[in-house]
Every structure is written in structure tokens, then in C-alpha cells.
Amino acid sequence: MNVVRSTLALAALTACASAPAARAAAPTAAEILQLADHAASDYADLSFESKMKIFEPGAAAPAKEISFITSIKGDKRLIRFLSPADLKGMGMLIESRDVMYAFLPGFNRIRRLGTHMKSQTLFGSDVSNEETSSNTYAAVYTPRLVGEEGPSWVLELTLNTEKEAEFPKLKMWVDKANHYATKIESFDAAGKGAMTQTRLNFTKDFGDTQHYTPATVTFVDHRRNDHRTEIWNANAKANQKLSDDLFSQRNLARGN
Amino acid sequence: MATLAVLCNVSPAHADLDLKFSGLISSDIRYRLYGEPIPIAYPSQAQLPSHGFSRNDNDIKAKLTLSLSDKVKAVADTDLYLYGFSDLHDLDSTTLRPNIDPYRIEVNAAYLDIYKVLPGLDLRVGRQVVVWGAADQFNPTANINTLDFSDALLFGKALANNMVRADYNPKGDWVLTAVWVPVFRPAELPRTAPVALQQLDRPAPVQEGNPRDFFYNEQINPALAPTTVNVVTQVPDVSIQNSQLALRLAGRVLGQDVSLSYYHGRFGIPMPAQTVFHADRTADVGVVWPKEDVIGGDIAGTIERLAGLGYWIEGTVTFPEEITYALYQDRPDGKRNEFRFDPYNDMNVLFGNVVDMMGHYVSPMGQVQDSSGVRPTVVPTTPFLKLTAGADMTLGRHVYVNAQYVHGFVDEFGAGVAMHPLQNPANNCALPGNQVNGKGRPGCENPRIDQRLGDYIVAGMDLKLADDVVLVRLFGVVKLPSLDDTWHLESSWKPTGVLFPQLAWTVTDGTELSVGAFLFLGDRTTKFGDPAAGASEAFLRGKFTY
């Protein structure tokens, strides 16, 4: 659905761009956010391997490492954990922002997760379940262009009424050239900086695609004394014609 | 299995064979607290005293998963448990390693998956566990596998069994599952369970008052009471008629996960169905596993208006097979008297039913005749409801809470009433020494009776600390007074419950140490204070997962 929406938005933007009057005009905040969402989800399907490294504040070596494989198609995501051993075999199926399932191999069952779990972090990291459930923002936030910094537009995103998210306000840096969001700062209800997310080293995915995946994503949680989580992504493959069946509960229960 | 894994790794039979090997090594030391002493036979050192070491296990688990492309997967999952107690009866046994160091093997899985046998159809054949239901641990719709009650800390663990499972996905999120279990496997009961039939201060689970009192007076009368009670299991025949069938349709409606299910089979916990009093003052109690048909459903989802509260409701209506209770007494002539009851006269006892060695009712002259009267009821055919409704929520980053209302605990079966043992068997009103003018003296004790299907609150919380490295967990069960229009037994309620505090420390990846206790609360006449339920234990466990 996001892909469809983003494609329509891009088509609208392209149409606007071809109009002489619009050609010179700078894109609006809404258009920039649509471009960023489109860039982030410009694939029919995507899979990649990740290693998550969790650092205590000030530590140079990670306290914990978790590896997993993520598969994405439309709104649906499947995450299968490969290590450490006590997480191996566990899986998560995210069908939308509000529908999530976990496969618990120890109990041999799938459990639906209430959306209260969205704000919980993954295994002591700084990455919330909500963060793993979506990489687009236009449906949930209203953007405002607050400036430009070097090669980036800077947007301020405010949570739409009747929408729920962990953070009511975000600040997003969107690269003018490739439209990828390279940095996101999150603020709590009091307006205090809560989290900074940095995306670096965008690398072109394997396959017939123009999509790039950040090789490193860093989360710094300022509420936890700058507790840090790094996610190292590799082997991203786009448009592999992943089957819809891959994103079913039935497949989730099959385990790794 | 490790050797097999290595061999397969070296020379796979198929080029695209994917092999995964995993497992755990654990140690589990338990100390029993304030229990009623119960002697057990094996291993001889593993006794259940009032207090003392009750478990000293080591577990070596190995799980092997073999996949062939996306088409086939085979899984074997085995635990090797070392008891940690010796089994020494004589000097000869000290020369045998199986007696010095007894062990057991549990096979949790040995199955084969074949995906897309036909479009949308998957098959799983072999030893497996099929878990149905949306609730946590208390799943009235999960009847295909019986439960492992041998360890209270494994509460809710199912026993694997051989079966054939087919999953058909006709459209979207909808999945139709069919399961066939050729041979029934009973539940594994706790080591303390036989006490429920061997202690004579417990009335037979007979629903009608007069027969129950008649049996009870027989079994506790010092002049008649058996000195030894043997329990004889009447396991269902291995036949096609005794195989189990189950169907389930699961999908999503309006964003909520829903399912409907049906099960035809047997309940995993046996019920007493007959007693034979022998002339040598021993008694044989026969137990059977009741047949049942269960229609169930569940729904689970999330309530956004309540901050994303997760909820689930799961319920069943069970149509049980009737179980009646036969009481026989040996006669000197080789025949038996059967005590039956008059359904037209308040179920008062009828004498004169004599059964010969062929099982025929005979007259005093030896002529075959019809029996008179009826047997009393253990399980009536009345359909009964089991229900679990619960919710969970996270509070901030560190606290998770979970609460469920449960109607009908996992070991409860049938409509009607349940009988409990006495707090002080010597104070039994039915004992002749405690009677005055044919009635119990003031202050004596009668067996407590309450609803067979109880009502419970199961609730607890997790507190995660130090970046999830430390987990403080406290869960508990409280039995509620049951409200009913039929029996009006609210006044017989007594407080009882379970507390399960635990502190777990993830030392490093895959390595966990935990200490805690499983505490049964309530006096001897209550659900969890009953010695047959088990006794409180403190534990220390270490686990490494690979």
C-alpha cells in the first residue's frame, strides 16, 4: 500500500515538475516527505541481513550482538533472528503499524502483540518495535520545512491527531540529491530530545532496483545517557519476487 | 544427534540440504519446602520428604533441523535428562551405571514437514505438538496434545504425540487445519498425583450425595477400610475408534484474530470409575480417560483506545462422555456384590446386585438377571464451559503486566462438584470415634465440597532492568469464590493460590542463571494446598543455549 501511495505521490510530483511554473519552485514540506518515503520504500520487495550491536553509554565494545534477516513486501515485514542462541528461531511478522505477531519457539506458538508493544525496544537495544514496523512517515506525521543544512532539507514532523506513535515530534534531514533521510531526531511530549538516528553509507541493493539501503544505522537514546545501538546492514536484495506466503503466520510458525 | 549433525555437515545427501543444530545444557536444583512426605519408587534416592532436595536434574537438549529447499523440513528435538539421584536397592545395583546415574530421554519432536503438497496445502507428519488458542498458557481449545504436569515450573508444556496435521490456506489470512492423532497419549501427572486416590480421607468424586456418603463411610470405617489401595489404569484400546480428530478455522475479522475449532478425543487426566474391595482388605481403583467433544473459539487483538492494550478471549463448550462409578466388594463364593442406587428414592443404596465371574448379574440361585438401580455419576453428560479472558500491557520501558480470568483450570473436567481432603483426617466426622448419637461431634470435620470448575485470576508482571540483563518476575494464581445458582457453594470457599517469584540474570549471550520459588498456598482442603497438587519448591537453575 505504501508503495502504491508513494508511486502516486511521485507521479503527482513528476507532473508538477513538468509544469513550467512549478519547475523553479522549491518542493513543499509535504512533497519532500513524500519523496523521502518513496525513496525509502522504492522496491516491490526487499531482504537484508543485519547485525545489531548494543553499546553501554561510553563503551567501545558492544555489550550484546543480535543478528537477524529482514524481509519486506508492501506494509509487511518478516524478521527472523539468527543469533544469539537464546533468540535463534524467534520471528516477528509485522503486517502493519498495528498488527504484529511474534513466533516463540520455546512455546511453539504465535502470539499477537498488542500495539502497546510498539514502544518497547528490541532486546535492550534502542530500536523500538515501532521503528521496525515502518520506514515511512507521511501517513502519521505532518511536515514543516524548517530550513536547509548543507545538502539536506530539514523537516519538522508533528504527529497527526488521532495517530499514535512513540514520539510526537521529529526532525528529519532529507538529502536533496537522493531523497534519503540521513538523520532523524525524535522529541518527547515536553519537546526534549529523546533519540537521534543516523543513517550512513547508502549502498545500492542487489537486483533490478534503484533502491539503496543504509549500511549503518545508529540509534542514540539520550534518555538512557546516550545508550547506543548500531545496525550494520548487508546483502540487501530488492525485487526478488518474494512470495506473499512468506509474510503469513503459517510461514512464521515454520521457524528458521 | 551431534554425530549425525557432523556427518550431515561433511557429506550432505543433497546439495541444497540446509542443516541447523541447536540446543541447550542446563542444571536444575530444587529444594522442597513444607510438603506432605510422599515416598516414590524411582529413582530410589529421589524422594519427596517434607523438605529436602526434590530435583537435581541436568538436561542436554539437542535439536536438529534439516531443510531441503523450500519444500521439505525435518525436525528432531530430544532432551537427555540426568536425574542426579541414584537408584540403589542392593549391592548389585551399585555395579550398574544405569542405577548409579539414572537418566531418561524425552523426544519433543520428530516430524517431517512437506510444504505445498497441493496448492495452499502443507502437511506435517510425526511426533509434534499442536498449540491452539489465543490465551497465555490456559488454552481450553488446546486439547490435541495432553499436558506434562510432572513439573510445576513447566506449566502448560504439552506432551508431543504422533499425528498427521494438514494446513490449508484457501484465501488471504484464513487457514483451515485438520489433525488426526491415531493413538491417544495420556497426560503425565505429577509424582504426587496418586495420593488423590490413595488417601482415604478423600470422598470418591461422585456427584450424588447419598452414594458419596455411602462410599465414604465404607472407605474410612476402620473395620472395612482397605489397608492398601492399588490404582489400575484402563487405557483406551489402540483402535481407529479411539483415535482423535480436530479441526480449526482461523483468520481475521475486522482486524481481530479469530478461530473456531472442534476436537473429538479424550481428556488427558484420568477419572476414577470403579473400586473393588477385596477380601484381603486391599482395594483396586480403576481409572479411565473420559471421551469428549469440544467446540471452541477464540479472539485476540488490540484496543487502541486503551493505549494499545492486548486482549484475548478463548472459550470452549465440552460435551463429555458420562462416567459412572461402580463399587464392588468380593464375596467368599468368588462373586462380587455391586452397590447400586435407587434413582427413584433419593439414590439410596440397593443391595442384592451380585456379579458372577463372567460379569453377569445373577440371582441368589445363580440365574442371570437384570441389575437393579443405577450407578452414581462421576462425570455427567451436562455440557460445560471453559473460558480464559485476559489482557496485557507494558508500562514504560521496564514493566510488563499480564492478567487473565480463568474459568476451569487445566486439570478440571466436568460439570458438578469436586471433593477435597480433610485438613485433619483424624478429625473426620465420619469416623466412629468422632460421632455422638450417629452424628459427628461438634468441631469435627466433613470433606469440603466446591464447584468442579473453579474461577481464577492469573496475573503477574515482569520488571526488566539493566538493559534487559536482569528480569524480576512475579506471577501468581488466586482462586475466586465461584458464584452459581445450582450448588450455592460460595460459603465453602477457602483462600488458595500459587506464587511464582523469579530472578533471572542473563550473564552473557545465551547464558542465564535464575533463582526463585514456586509456592503453593492454602490449607490441605484447597486446590493448591492439596498434597496431591505438589509442594512448594525453591530452585536454582543455570542454562546455556547454543
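User: In this predicted model, which residues form one aromatic cluster with B:Phe214?
Analyst: B:Phe215, B:Tyr325, B:Phe339, B:Phe341 and B:Phe351 join B:Phe214 in one aromatic cluster.

User: How many aromatic pairs does a search of the whole structure find?
Analyst: The search finds 26 over all chains.

User: Why is the pair of A:Tyr180 and A:Phe202 called stacked?
Analyst: The centres are 4.7 Å apart and the planes 25° apart. Pairing needs centres within 6.5 Å, and stacking needs planes under 30 degrees apart. Both values pass, so the pair is stacked.

User: What parts does the pair of A:Tyr180 and A:Phe202 tie together?
Analyst: A:Tyr180 lies in the loop between strands S9 and S10 of chain A, and A:Phe202 in strand S11, so the pair ties together parts 22 residues apart in sequence.

User: Why is A:Tyr180 called buried?
Analyst: Its relative accessible area is 7%. Buried means under 20%, so A:Tyr180 is buried. A:Phe202, at 21%, counts as partly exposed.

User: What makes the pair of B:Phe155 and B:Phe409 tilted?
Analyst: The planes are 45° apart, with 6.0 Å centre to centre. Stacked needs under 30 degrees and edge-to-face over 60. An angle of 45° meets neither, so the pair is tilted. B:Phe155 and B:Phe409 are 254 residues apart, each in a loop of chain B.

User: How do you know that the charged end of A:Arg254 sits over the ring of B:Tyr115?
Analyst: The distance to the ring centre is 4.0 Å. The cut-off is within 6 Å, plus an angle within 35 degrees of the ring normal. The distance passes, and the contact is listed as sitting over the ring.

Conventions. Residues numbered from 1 in each chain as written. Chains lettered and ligands numbered in written order. Predicted model: local features only at pLDDT ≥ 70, side-chain atom pairs only at ≥ 80, totals over all residues. Heavy atoms only, no water. Helix = DSSP H or I, 4+ residues; strand = E, 2+ residues; numbered from the N terminus. Buried < 20%, exposed > 50% of the residue type's maximum accessible area, 1.4 Å probe, protein only.
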